[in-house]
Amino acid sequence: MPALHSLTDTTPDEALELYLRERSTEVTENTLQSHEYRLNHFVRWCNEVAEIENVNNLTGRDLHRYKLWRQEDGDLNQVSLKSQMDTLRVFLRFCESIDAVEPDLHSKVMSPTLSDGIGQRDVKLDAEEADQLLDHLGRFEYATFGHALILLLWRTGLRMGSARALDLDDFNVEEEYVAVRHRPETDTPLKNQQNGERLVALNPTICTVLNDYIEVNRPDVTDDYGRVPLLATEHGRPSKNTIRATVYRWTRPCMYQNTCPHGRDRDDCEALNTRMAASKCPSSVSPHAVRRGSITHHLTQDVPEQVVSDRMNVSQRVLEEHYDRRSEEVKVEQRRQYLDEL
């Protein structure tokens, strides 16, 4: 098939190289590596299976054939397949911007829809998404409740209940930490009770945002027990539902990317109908998924497992079984970096 005259001839390898160079200034090295691993499968399929030498010629049918080809991999589950197809969609959107593929080709990528309960252990906020979300909140919602909450959850990996349990006095801005305490008699128990108590270090950026939130936007309230919550609403200490709804609301891509990866119209989207409907967005995530993403990000950045275990208050066994969502490709590259030095 001849290339369209308005497009620039581009090989699959060249398109990937241009994409990675562009994204290298926007995302972390870990995110860039993850995208490269996923897209290498597509480039290999173009070169070795479909014999597509020019991505100008890609069609919606080709994308469907590629999806079927990846499904033939017996070791690839639905969650991983969805991750790869979602990354392919982002890649093709970039290719459209450089006139390498036909306009709107990305909308023809058919990513699997996960049924309720499938892959829930794998659902997480990715580092790239977290960076984009926090950048948006820092620019347009600075030091609001939502900004303070999501920044704290992402940078510390705290459980929702632990973040909710924090009092104003638990935040030490000079020493840069928060003290997590088990206080079940006043409605803020910790999951691991006294074993969950610890000091969690904060970086200067978090401390500045929290301090500004306290001085400017935090309501001057107490909870039902006379305690002064760090994160507060006009009614006192936020309920778990309030925290959950806030995270779901802000992790919808349309809130911080100004686009919908699912092709929905804002006027008709069920996830925008009411304040509590945000969880109906396929891309929004829960506070626990933020924690899972944070833990994975820490591990991917080569933070030792014991440090992550202590900071996030989770055993190394549970860490590996339930929270470590690094791909096998990322793990092998991390091991290689250590072994190459021997």
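Me: Helices (H or I, at least four residues) and strands (E, at least two) are DSSP runs, numbered from the N terminus. With that settled, which two helices flank the loop that holds D104?

Reply: Quick background: this is a predicted model, where local features need pLDDT of at least 70, side-chain atom pairs count only at pLDDT 80 or more, and totals for chains, interfaces and linings use all residues. Residues are numbered from 1 along each chain as its sequence is written, and side-chain values use heavy atoms, with hydrogens and water left out. As for D104, look in the loop between α4 and α5.

Me: What is the phi of D104, roughly?

Reply: Most residues other than glycine have a negative phi. D104 isn't a glycine, yet its phi is positive, near 70°.

Me: D99 is in a loop too; what is its phi?

Reply: D99 sits between α4 (78–97) and α5 (127–140). It isn't a glycine either, but its phi is positive, about 60°.

Me: Is D99 buried, partly exposed or exposed?

Reply: Buried means under 20% relative accessible area, exposed means over 50%, and partly exposed is in between (1.4 Å probe, protein chains only). D99 has 39% relative accessibility, so it counts as partly exposed.

Me: And what about N56, buried or exposed?

Reply: N56 is in the loop between α2 (29–49) and α3 (60–71). Its relative accessible area is 3%, so N56 is buried.

Me: Which residue offers its backbone oxygen to the side chain of N56?

Reply: A polar contact is a pair of N or O atoms within 3.5 Å; within protein, one must be able to donate a hydrogen and the other to accept it, and residues adjacent in sequence count only if both atoms are side-chain atoms. Here a polar side-chain atom of N56 lies 2.9 Å from the backbone oxygen of T8.

Me: Over to R244: which residues does it touch, leaving aside neighbours within four places in sequence?

Reply: R244 belongs to helix α9 (residues 240–250). Its C-alpha is 6.1 Å from that of P287, although the two are 43 residues apart along the chain. Taking contact as heavy atoms within 4.5 Å, R244 meets M160 and P287.

Me: How many of the 14 residues of α11 are buried?

Reply: Helix α11 covers residues 287–300 and reaches 20 Å from its first C-alpha to its last. It is largely enclosed by the rest of the structure, because the buried count among its 14 residues is 13.

Me: Which residue just after α11 takes a positive phi?

Reply: The angle is about 70°, and the residue is D302.

Key:
Expected span 1.5 Å × (residues − 1).
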